[in-house]
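Biologist: I would like to learn how to read backbone and charge features in a model like this one. Please show it first, and then we can take the features in turn.

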Amino acid sequence: MKKTAGLALGGVLMPVWKAMANNGDFTAAYPDELMSIDEYSNGKLKAGDYIDASNVELVKDLLEPVKYYQVKEMGRRLRLRETTRDIMKLSPWEYLEASFKNRGQAKFDDKGNVVTLDGKPWIGGLPFPEAKNGLELFAGLTLSWGRHDASFYAIREYDLSREGKVNYQYENGWAEYAPTGRVVLPGVYWKGHEDKLRYQSVFFSEPDSVRGTSYLNIWHYDQNKFPELYGYIPDFKRIRRFPTDQRFEPLVPGSSLYLSDAWAAGDPLHTWGNYKIVSRGPMLAAVSGGWNSASDSWAHTTHGGPKGETFWDTEVELVPEAIAVDAEPTGFPRAPVGKKRVWFDARTQLPLAMVSFDRRGEIFRSFDGAYGLYEDGDKRVMDGKHPYWSWGHVHAFDVQTGQMTRLEQMASMSGGHKMMVNDQDIYDRYLTNGALRRLGN
């Protein structure tokens, strides 16, 4: 990338978080050519254009290798949009506020866990907004996946074969709840649960073959320990404890999504290692526009592949600086993955995409999502005083088998479950063993 050969730490012209410190404006950190696809491409591309097989070579350096392959060979298209210049539209408002407020107050303790300067669990927001290495970038991502204190996502999943056929379709609910580092719910810490990082569960409501199947992960704050994993299998009508280090297997038949894939950091921080920044440069990514406001259910439309159903319609924009970090699964001697590479947005440290490699070093799988503020003109979904920010859809693709898993966040799902955010009831409804039994029945 000739235009970014001189890219310095956290920005080209000045460190990006230093630029944003006063008013959140990051434009001072980057030249015009990194703030506009029109400028970057010398007028060959502009917002509203589509990237497809006919012109993808123009932006090959701006795409991770799997997305480039999908556009070049599989009929994927990407619609360009203007670069978002308001940092507060790129993550939850309160999370970013906490990141600015708590800047400079994080460190690693002697066990490698993120703590405050006086040794307490982290207090919310990005712990290392001016991350100097790959470990600091992954630490922030692992501490808070969805960047809300509590979330419930209603999800529809489609699992497709290489031939583009939808072989499986599921509805599931996914819940997250933070006992520490809270920025909205009462108290930075949930008293009595300060030794936990998160409670997370997933349950399936459709089809009948998996209805009631549910899993609960209880994460220790100590990132050297594996979570406790419980599952309810309707056929046995009881809760079982599962081996928690088997994180490279699909939860349901046909899926190309593993627990390890969640938010590109689905495992405890120190079960991976050898974190290393390998590149910096601009990137095309779906950091805005992930909500389909035209659909009351938030359903997304598709294109590409043999039957026109392999890819979500996706809008991407020029991210002025993405940081690529490699990591290796040091805590999994039998993992099929030898290495993963995750691209982070330097402004927000959001994971933009992930590509994993097998033990031979061959490209194995990819994971890319689309985010957005749930606001479009006079349509909006609120999260307290501000519009809801979240993911909209995800691709999880197995390069070696050609199988694709598509996920989308819905307004609601069968069983009367609706999207919820920063609601304390999420814990009792979805994140206890009693909840697993209720959901299973």
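Biologist: In the hairpin of strand 5 and strand 6, which residue takes a positive phi?

Modeller: Keep in mind that this is a predicted model. Most residues other than glycine have a negative phi. In this hairpin, which has five residues between the strands, Gly164 takes a positive phi near 85°.

Biologist: How many bridges join strand 5 to strand 6, and in which sense do the strands run?

Modeller: Strand 5 covers residues 150–160 and strand 6 covers residues 166–177; eleven bridges join them, and they run antiparallel. One of the pairings puts Ala154 opposite Gly173 of strand 6 as its bridge partner.

Biologist: What is the bridge partner of Gly173 in strand 7?

Modeller: The partner there is Phe203. Gly173 thus has a bridge partner in strand 5, Ala154, and another in strand 7, Phe203. Strand 6 and strand 7 also pair in the antiparallel sense, over seven bridges.

Biologist: Which residues other than glycine have a positive phi near 55°?

Modeller: Asn42 has a phi near 55°, and Trp263 likewise has a phi near 55°. Asn42 lies in the loop between helix 2 and strand 1, while Trp263 is found in the loop between strand 10 and strand 11.

Biologist: Is each of these two buried or exposed?

Modeller: Asn42 has a relative accessible area of 66%, which is over 50%, so Asn42 counts as exposed. Trp263 has a relative accessible area of 9%, under the 20% cut-off, and therefore counts as buried.

Biologist: Where is there a cis peptide bond?

Modeller: As a general point, most peptide bonds are trans. Here a cis bond joins Glu206 and Pro207, with omega about 0°. Pro207 sits in the loop between strand 7 (196–206) and strand 8 (214–220).

Biologist: Now the charges. How many salt bridges does the structure hold?

Modeller: There are 19 salt bridges. One of them joins Asp208 to Arg211, with the closest N and O atoms 2.4 Å apart. Asp208 is exposed, at a relative accessible area of 61%, and Arg211 is partly exposed, at 42%.

Biologist: Which residue forms a salt bridge with Asp267, and where do the partners lie?

Modeller: Asp267 pairs with Arg247, the closest N and O atoms being 2.6 Å apart. Both partners lie in the loop between strand 10 and strand 11, 20 residues apart.

Biologist: Why do Asp267 and Arg247 count as buried?

Modeller: Buried means under 20% relative accessible area. Asp267 has 3% and Arg247 has 1%, so both meet that cut-off. Another salt bridge, between Arg347 and Asp345, has its closest N and O atoms 2.7 Å apart, and both of those residues are buried as well.

Biologist: Which residues are linked in a network of salt bridges?

Modeller: The network links Arg79, Arg81, Glu315 and Glu317.

Biologist: Which residues form a negative surface patch?

Modeller: Asp32, Asp38, Glu39 and Glu82 form the negative patch. Among them, Asp38 is found in helix 2, residues 37–40. Asp38 is partly exposed, with a relative accessible area of 37%. A residue needs over 30% relative accessible area and no salt bridge to be part of a patch, so the 37% of Asp38 is above the area cut-off.

Conventions
Residues numbered from 1 in each chain as written. Predicted model: local features only at pLDDT ≥ 70, side-chain atom pairs only at ≥ 80, totals over all residues. Heavy atoms only, no water. Patch = residues over 30% accessible without salt bridge, like charges linked within 9 Å, V, L, I, M, F, W, Y side chains within 5 Å. Areas by Shrake-Rupley, 256 points an atom, 1.4 Å probe, with all protein chains shown as cover. Salt bridge = Lys/Arg side-chain N within 4 Å of Asp/Glu carboxyl O. Lys, Arg positive; Asp, Glu negative; His and termini not counted. Charge placed at Lys NZ, Arg CZ, Asp CG, Glu CD. Helix = DSSP H or I, 4+ residues; strand = E, 2+ residues; numbered from the N terminus. Buried < 20%, exposed > 50% of the residue type's maximum accessible area, 1.4 Å probe, protein only. Pairing = 2+ DSSP bridges.
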